[in-house]
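Visitor: I'm new to this one, and I'd rather see a single part up close than rush through everything. Please pick one spot, take it slowly, and then tell me what sits around it.

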Amino acid sequence: MPEKKYSGAKVPITPPEQWVEQYGDYLYGFAMSRLRNPESAQDCVQDTLLAGIKALDRFDGSRDIKFWLRGIMRNKIVDQIRRSIKENKVDIEAEDEALLESFWFKYSGIATTNPDPWQFNPRKYYDNTEFWKVFETCIDEVKEPARQAFILRVLEDQTTDEVCKVLDITPNYLWVLLHRARQQLKVSLEARWKDSI
Amino acid sequence: MFTCKQVSKALHKEDYAEMSTLRRCFLKLHVHLCVFCGKFNTQVIDSQDMCRCYKDKEAHDAVERPKLNPSQKEALKELISEQAE
């Protein structure tokens with residue numbers, strides 16, 4: 001099927017009938033990495049493609065449609081996480097509350113002056129595809145709700161205020177959740193990557 | 001010059017790579033020299049670097065991921081062609 005030029009677009013774009021074949025796997029992979037659930041991921045792809053068709057007139061062609069669809073998917077992922085939060089409200093744990101009340105946190109905004117150093121230099125492996133596979137597995141191992149906070153804030157680039165609203169938590173507690181997520185990610189990466197090198 | 005709390009708060013609110021050059025320089029200088037928050041915030045910066053790199057790789061399909069199976073694809077195609085008409 002030839003590429004058409006839709007109203008509003010400056011460049012020819014792939015017609016929606018070809019989106020599943022061309023971008024389906026890409027979008028599904030993204031959704032799986034964020035939501036971990038095949039059904040939710042498929043729903044997310046479906047919602048994204050349908051929203052894309054509706055909004056196609058507003059696509060200005062300034063970037064690849066693949067990245068435009070990915071931008072739409074960002075909102076769908078946030079919606080899915082918001083729905084799951086409604087079912088399982090985020091409660092602050094006693095250990096986290098103690099950290100927030102600690103002198104060091106109040107004084108300097110950090111958890112400790114002496115975190116354990118990395119057991120290897122991760123930068124060395126940034127060009128290694130296998131490293132990022134392990135990295136994704138390690139993100140999956142981060143416990144909820146720290147994982148959801150990490151995905152929304154760090155991977156989906158939502159602002160602190162937006163994440164606090166979605167998770168219904170305070171900015172300070174979000175700080176604790178992100179700290180826990182980074183800690184767990186580091187511990188998992190050290191354990192798993194050390195085994196694979 | 002920043003205080004430890006300001007540095008930690010800034011790193012919590014935004015990726016240091018997206019800060020203005022001057023702000024980024026002062027922040028990195030503080031983190032480099034500070035005996036109190038230096039080690040902690042260095043790890044926060046390292047984590048931001050790592051995640052930025054990961055996002056770049058995944059945006060360009062450089063991370064191996066699960067794919068849609070043929071029946072899922074067919075169902076989606078059917079739905080899309082209905083909507084696209």
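Guide: One term before we start: the bounds of a domain, as I'll use the word, come from an automatic or database domain assignment. Keep in mind too that this is a predicted model. For chain A, that assignment gives domain 1, residues 16-87, and domain 2, residues 94-196. Let's take the place where those two meet as our spot.

Measure from C-alpha centre to C-alpha centre and domain 1 and domain 2 of chain A lie 25 Å apart. Nine residues from domain 1 and 11 residues from domain 2 make up the contact. On the domain 1 side, helix 1 and helix 3 of chain A each supply at least two residues. Helix 3 gives the largest share of that side, with six residues. Sort the domain 1 side by character and you get four nonpolar residues, one polar and four charged.

So helix 3 of chain A deserves a closer look. This helix covers residues 65-87, and at 1.5 Å a residue its 23 residues should span 33 Å; the end C-alpha atoms are 34 Å apart, so the two figures agree. Its buried residues are Trp68(A), Leu69(A), Met73(A), Lys76(A), Ile77(A) and Ile81(A). What do they pack against? Their partners in chain A are helix 1 (19-35), helix 2 (38-54), helix 7 (146-155) and helix 8 (160-167).

Now for the nonpolar core. The largest one has 47 residues, and the members that touch the most others are Leu27(A), Ala31(A) and Ala149(A). Helix 1 of chain A brings the largest share, 10 residues. Both domain 1 and domain 2 of chain A give residues to this core, so it lies between them. Take Ala149(A): leaving aside neighbours within four places in sequence, Ala149(A) is in contact with Val163(A), Leu167(A), Leu174(A), Leu177(A), Leu178(A) and Ala181(A).

There's a second, separate core of 10 residues, and its members include Phe105(A) along with Cys37(B), Phe40(B) and Val44(B). Phe105(A) also leads us to Leu99(A), which sits in helix 4 (residues 94-101) of chain A. Again skipping neighbours within four places in sequence, Leu99(A) is in contact with Phe105(A), Ala111(A) and Val176(A). Is Leu99(A) buried? Not quite: burial takes 20 or more C-beta neighbours within 10 Å, and Leu99(A) has 19, so it counts as partly exposed.

That second core has already brought in chain B, so let's finish there. Altogether, 36 residues of chain B are in contact with 37 residues of chain A. Helix 1 (4-13), helix 3 (38-59) and helix 4 (70-84) of chain B each put at least two residues into the side touching chain A. Helix 3 of chain B has the largest share, 11 residues. By character, that side of chain B divides into 16 nonpolar, eight polar and 12 charged residues.

As for chain B itself, it has four helices and zero strands. A compact globule of 85 residues would have a radius of gyration near 12 Å, whereas chain B has 21 Å. Its C-alpha atoms fill a box of roughly 60 × 25 × 20 Å along the principal axes. Of its 85 residues, 21% count as buried.

Note on methods:
Residues numbered from 1 in each chain as written. Chains lettered and ligands numbered in written order. Predicted model: local features only at pLDDT ≥ 70, side-chain atom pairs only at ≥ 80, totals over all residues. Contact = placed C-beta atoms within 7 Å. Nonpolar A, V, L, I, M, F, W, Y, C, P; charged D, E, K, R; others polar. Rg over C-alpha atoms; globule rule 2.2 N^0.38 Å. Buried ≥ 20, exposed ≤ 12 C-beta atoms within 10 Å, placed from the backbone. Expected span 1.5 Å × (residues − 1). Core = buried A, V, L, I, M, F, W, Y, C linked by C-beta atoms within 7 Å.
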